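Please open the model in a viewer and keep the selection panel at hand. The stops below proceed from strand pairing to charged pairs, nonpolar cores and aromatic rings.

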Amino acid sequence: MSCCRSLSLQFCIPIVLSVLLFPAELSGQTYPEIQWWFDLDAPSFGSAAVDDIDGDGLPEIVFGTYFNDESFHALNAENGTELWSFFTGGCNDASPVIADVDLDGELEVIAAASSPYHVYCLDGATGAVEWSTSTGYPNCIDSPPAVADVDGDGKPEVVLGTFNGNVFCLDGENGNIAWQCSLGTTSAIQTCPNILDVDSDGDLDVVVAQWNGDNRIYALEGFDGSILWFSDLPGDYMYHGGSFADVDADGKPEIVIGSYDHNIYMLNAEDGSLEWSYYAPYYVAAPTSIADLDADNDLEIVYTSHNIIGVLDHIGDPAWSYTSGGSMFRGAALANIDGDTITDIIFGDDSGILTALRGTSPDIIWEIDLEAHYGNTFNIDNAPVIGDFDGDGKLDVFVVGGYGTSSTPENNHGRAYMLSAGEGSGPGWPMFRHDIRRSGCFEGSGMGIEAADLLPLLNDLNCYPNPLSSVTRMIFHLTAACHVSGEVFDLSGRKVKGVIDQDLQAGQHQYNLDLAHLPSGVYIVRLRVGTVSSALQIVKLD
């Protein structure tokens with residue numbers, strides 16, 4: 001394999017040529033700026049996943065690639081160097097998920113390889129295989145795995161769909177098949193499963209939809225895969241799964257999903273009944289996303305219909321739409337990238353443009369022509385992920401594009417980009433559909449499930465002063481009571497100081513951090529709540 005072993009580490013180079021960038025000025029800083037790129041022998045479809053998988057205090061980015069590269073790559077998010085890669089020998093269309101599936105205190109990567117029809121559990125730090133499970137021919141996998149304790153045994157399971165109409169539930173500890181449900185061999189389950197309590201009985205359930213066959217939406221009992229309900233409303237295919245949240249504020253979740261029949265449906269999760277539908281200009285293949293975009297305490301729906309991205313209010317009425325230069329198949333990521341009160345919308349299209357829109361209107365915050373920078377065809381068939389990747393306290397964006405076909409794979413090519421996005425420092429969008437239960441919801445409220453699976457419990461980590469001479473005040477906010485652990489690392493990944501290891505209540509917390517005994521230099525402060533972590537780069541002066 002030769003994919004960008006010439007890593008092109010001309011990182012931290014601002015791209016300011018007018019042909020490439022139409023930036024907004026955020027607090028005097030021009031965004032976006034390309035920080036690094038990583039060349040590949042194929043593009044990545046789906047999306048990446050982000051977390052600190054090697055415990056060094058900084059996040060890593062994991063993504064799969066198509067034919068001619070056929071690997072899962074784990075890159076150090078701060079500089080794009082490769083931590084490890086795992087060759088599957090086939091296309092890897094399904095977005096990976098990162099979670100501690102065996103409850104050993106360390107993160108694993110669940111990677112589903114489509115054409116080899118295998119699910120791999122990879123050690124986060126090394127990429128070594130902890131277990132692998134074959135779904136069996138012809139059960140190829142385009143469905144991004146979801147993770148949750150669906151059978152109530154206190155241990156997580158991995159749930160995903162396959163071609164040939166099957167849904168698999170695997171034991172997270174060893175990959176054994178806990179149950180398998182067939183929804184019709186003339187269909188494929190390409191949607192990512194949504195995992196939620198659809199009937200408010202205290203047990204988690206699974207929602208998937210069909211490509212071909214009956215074109216139904218199904219709710220399955222999480223314990224054994226038995227059918228709770230199905231909806232015949234969609235008149236055509238569904239490739240991507242829905243989003244879920246308590247959109248109508250009735251204390252129960254709703255499911256919002258798009259279909260190739262042009263409709264976006266909002267269903268009552270309890271029984272699949274229709275609450276409203278919206279007829280879009282073109283087919284709706286991309287997934288929906290949900291957030292309170294305008295901070296009015298009502299949720300909005302972000303949808304994509306071919307080359308149109310739009311927003312619906314909580315009753316299904318259109319708020320605004322924006323026409324892009326190319327189609328957007330993987331949907332949008334949401335985050336407050338510029339640090340105001342509005343949640344922003346970030347997406348790529350198949351013309352190679354990466355765009356950030358303000359959530360309340362079709363106003364462009366910034367856009368960048370990555371195809372022009374790349375100098376070749378650069379279809380972005382990859383949903384961005386968002387987080388603080390370099391420890392500077394501000395949000396960044398990662399996305400992959402290129403060209404990929406199965407007919408002449410030797411012509412495939414691609415590149416991964418990391419860009420600084422803005423002054424925003426709040427929660428990001430760390431994986432496809434936002435979280436390990438694939439909610440597609442930025443808010444994480446009103447769904448009757450643990451907030452830790454939907455929004456980070458840990459927000460707004462900062463240190464003042466920074467740079468510091470001896471002591472700095474560490475400040476962070478918790479959205480719920482939880483156990484917090486934290487350390488300080490040097491840039492080699494060596495732990496140099498313990499910070500905190502205790503149960504704390506929700507709210508803002510402050511701690512004085514004394515680094516007088518350490519030499520001058522750059523350090524990383526890292527706090528962790530379960531599998532959620534936040535890191536901040538600090539500078540100690542003499």
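In which sense do strand 19 and strand 20 pair, and over how many bridges? Select residues 194-196 for strand 19 and display them together with strand 20: the two pair in the antiparallel sense over three bridges. Within this pairing, Asn194 has Val207 of strand 20 as its bridge partner. The model on display is a predicted one.

**Strand 20 and its second neighbour**

Add residues 217-221, which make up strand 22; strand 20 pairs with this strand too, in the antiparallel sense and over five bridges. Here the bridge partner of Val206 is Leu220 in strand 22.

Now select strand 20 alone, residues 205-209. Are its residues buried or exposed? Five of its five residues are buried. In a regular strand, side chains alternate between the two faces of the sheet. In strand 20, Asp205, Val207 and Ala209 lie on one side and Val206 and Val208 on the other, and both faces are covered.

**Charged pairs**

Side chains of opposite charge can pair when their charged atoms come close. The model contains twelve salt bridges, and three of them are visited here.

Select Glu173 and Lys155, whose side chains meet in a salt bridge at 3.5 Å, N to O. This pair links distant parts of the chain, 18 residues apart: Glu173 is in the loop between strand 16 and strand 17, and Lys155 is in the loop between strand 14 and strand 15. Glu173 is partly exposed, at a relative accessible area of 43%, and Lys155 is likewise partly exposed, at 39%.

Move next to Arg358 and Asp340, which form a salt bridge at 3.0 Å, N to O. Arg358 lies in the loop between strand 34 and strand 35, whereas Asp340 lies in the loop between strand 32 and strand 33. Arg358 counts as partly exposed because its relative accessibility is 24%; Asp340 counts as partly exposed at 30%.

Then select Arg526 and Glu487, with their closest N and O atoms 3.4 Å apart in a salt bridge. Arg526 belongs to strand 45 and Glu487 to strand 42, and 39 residues separate them in the chain. Are these two residues buried or exposed? Both Arg526 and Glu487 are buried. Add Asp52 to the selection to show a network of salt bridges that links Asp52, Glu487 and Arg526.

**Nonpolar cores**

Select Ile309, Ile337, Ile345, Leu354, Trp366 and Leu370: these touch the most other members of the largest nonpolar core, which has 38 residues. Apart from it lies another core, of 31 residues, including Ala49, Ile53, Ala99 and Trp131.

**Aromatic rings**

The count of aromatic pairs is 19. For one of them, select Trp211 and Tyr239, an edge-to-face pair with 5.9 Å from centre to centre and 85° between the planes. Trp211 is in strand 21, and Tyr239 is in the loop between strand 23 and strand 24, 28 residues apart. Trp211 is partly exposed, at 21% relative accessibility, whereas Tyr239 is buried, at 10%. Extend the selection to Tyr237, Tyr260, Tyr283 and Phe329, which form one aromatic cluster with Trp211 and Tyr239.

Finally, view two rings with a charge over them. Arg216 lies over the face of Phe230, 3.8 Å from the ring centre. The charged end of Arg433 sits over the ring of Phe432, at 5.8 Å from its centre.

Definitions and conventions:
Residues are numbered from 1 along each chain as its sequence is written. This is a predicted model: local features need pLDDT of at least 70, side-chain atom pairs count only at pLDDT 80 or more; totals for chains, interfaces and linings use all residues. Side-chain values use heavy atoms; hydrogens and water are left out. Buried means under 20% relative accessible area, exposed over 50%, partly exposed in between (1.4 Å probe, protein chains only). Helices (H or I, at least four residues) and strands (E, at least two) are DSSP runs, numbered from the N terminus. Two strands pair if DSSP finds at least two bridges between them. A salt bridge is a side-chain nitrogen of Lys or Arg within 4 Å of a carboxyl oxygen of Asp or Glu. A nonpolar core is a set of buried Ala, Val, Leu, Ile, Met, Phe, Trp, Tyr and Cys residues joined through side-chain atoms within 4.5 Å. Rings of Phe, Tyr and Trp (its six-membered ring) pair if their centres lie within 6.5 Å; planes under 30 degrees apart count as stacked, over 60 as edge-to-face and the rest as tilted. A charge sits over a ring if NZ of Lys or CZ of Arg is within 6 Å of the ring centre and within 35 degrees of the ring normal.
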